[in-house]
Amino acid sequence: MSHLLETIAQVRREVCDLHAELTRYELVVWTAGNVSARVPGHDLMVIKPSGVSYADLTPGSMVVTDLYGTPADGEWGNPPFSPSSDTAAHAYVYRHMPEVGGVVHTHSTYATAWAARGEAIPCVLTMMSDEFGGSIPVGPFALIGDDSIGQGIVETLRNSTSPAVLMQNHGPFTIGKDARSAVKAAVMCEEVARTVHISRQLGEPLPIDQDSIESLYARYQNVYGQ
């Protein structure tokens, strides 16, 4: 088996397995939501098929596309499924943010509720400082089907420390150095969206000053867990 075939097989297994994390953390319902990963060293990506139940996903059902979202022919063999309806957005991110190795989209309840209001989640938790380096920003309203969503993601996150964006009236998209990191960001995004929402029901959350946010972020990203 060629190196490329081995790599694609590995990425397909990883992307398939990571979809189970979306259901485990209750970030998706029915067939909504998706995980994708860049194929390292190649202008290819792997993404969930459209309209297939999470319980029925297998590594072989993951669709290999080019970085424009077009299914790519090769020895790896693509399944008889269309790629996710969000593929164009994922592909745009990979084309314009070479450091990104994974992209995730969910309609998780609390994060999507913030997106419906078009409101950034303010940085009022040390966990947010650690994981996001500040607030979780809102991206522009965009219709699905072309590059519009991808453009909004890239424009919002390109100069942000946050790996998550709340696309207005739509929901969260997250990025990471690999697909697992992007899934973690989606889990954490929903957790802080829920917590800050509950805090607001009790009163006005206390802000964290910018110097402390930057200090917490630097420590967590560069020291914690090493």
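These legends go with a set of close-up views of one predicted model. In this predicted model, local features need pLDDT of at least 70 and side-chain atom pairs count only at pLDDT 80 or more, while totals for chains, interfaces and linings use all residues. Residues are numbered from 1 along each chain as its sequence is written, and side-chain values use heavy atoms, with hydrogens and water left out.

**View 1. The open sheet has seven strands.** Helices (H or I, at least four residues) and strands (E, at least two) are DSSP runs, numbered from the N terminus. The strand order is β3-β2-β1-β4-β7-β6-β5, and the pairing is mixed. Look to the edges for β3 and β5 (138–139): each has a single partner strand, so one side of each is left without a neighbour in the sheet. Two strands pair if DSSP finds at least two bridges between them. For β2 and β3 there are four bridges, in the antiparallel sense, and Met45 has Thr65 in β3 as its bridge partner. Helix α6 packs on the sheet, touching β1, β4, β6 and β7; its direction makes about 145° with that of β7. Those angles run from 0 to 180 degrees between N-to-C directions, and axes are lines fitted to C-alpha atoms, for helices over the stretch in contact.

**View 2. Strand β7 (residues 171–176) sits largely enclosed by the rest of the structure.** Six of its six residues are buried, so that description follows directly; buried means under 20% relative accessible area, exposed over 50%, and partly exposed in between (1.4 Å probe, protein chains only). On one pairing, β4 (residues 102–105) runs antiparallel to β7 with four bridges, and Gly102 stands opposite Gly176. On another, β6 (residues 164–167) is also joined to β7 by four bridges, again antiparallel, and here Val165 faces Phe173.

**View 3. β6 and β7 form a hairpin with three residues between them.** Asn169 is the turn residue to find: its phi is near 60°, a positive value in a residue other than glycine. Asn169 lies in the loop between β6 and β7 and, at 47% relative accessibility, counts as partly exposed.

**View 4. Helix α1 covers residues 3–24.** At 1.5 Å a residue, its 22 residues should span 32 Å, and the end C-alpha atoms are 32 Å apart, which agrees; the expected span is 1.5 Å times one less than the number of residues. Its buried residues include Leu5, Ile8, Val11, Val15, Leu18 and Leu22, and also Arg12, His19 and Glu21. Among the elements covering those buried residues are β1 (34–38), β2 (44–47), β3 (63–66), β4 and α6 (179–202). Just past the helix comes Glu26, in the loop between α1 and β1. Glu26 has a positive phi of about 55° although it is not a glycine, and with a relative accessible area of 68% it is exposed.

**View 5. Helices α2 (residues 87–96) and α5 (residues 148–157) cross at roughly 45°.** Their axes come within 7 Å. That makes α2 oblique to α5: angles under 35 degrees count as roughly parallel, over 145 as roughly antiparallel, 65 to 115 as roughly perpendicular and the rest as oblique. The crossing is right-handed; the near helix is turned clockwise from the far one by less than a right angle, whereas anticlockwise would be left-handed. From α2, Ala89, Tyr92, Val93 and His96 make the contact, and from α5 it is Ile149, Gly150, Gln151, Ile153 and Val154. Contact means heavy atoms within 4.5 Å.

**View 6. Helix α3 (residues 109–117) packs on α6 at an angle of about 70°.** The axes are 7 Å apart, and the two helices are therefore roughly perpendicular to each other. This time the crossing is left-handed. Residues of α3 that meet α6 include Tyr110 and Trp114, and those on the α6 side include Cys189, Arg194 and His197.

**View 7. Met128 is in helix α4 (residues 126–132).** Met128 is buried, with a relative accessible area of 0%. Val192 is 64 residues away in sequence, yet the two C-alpha atoms are 7.0 Å apart. Leaving aside neighbours within four places in sequence, the contacts of Met128 include Ile121, Pro122, Ile136, Val192 and Val196.
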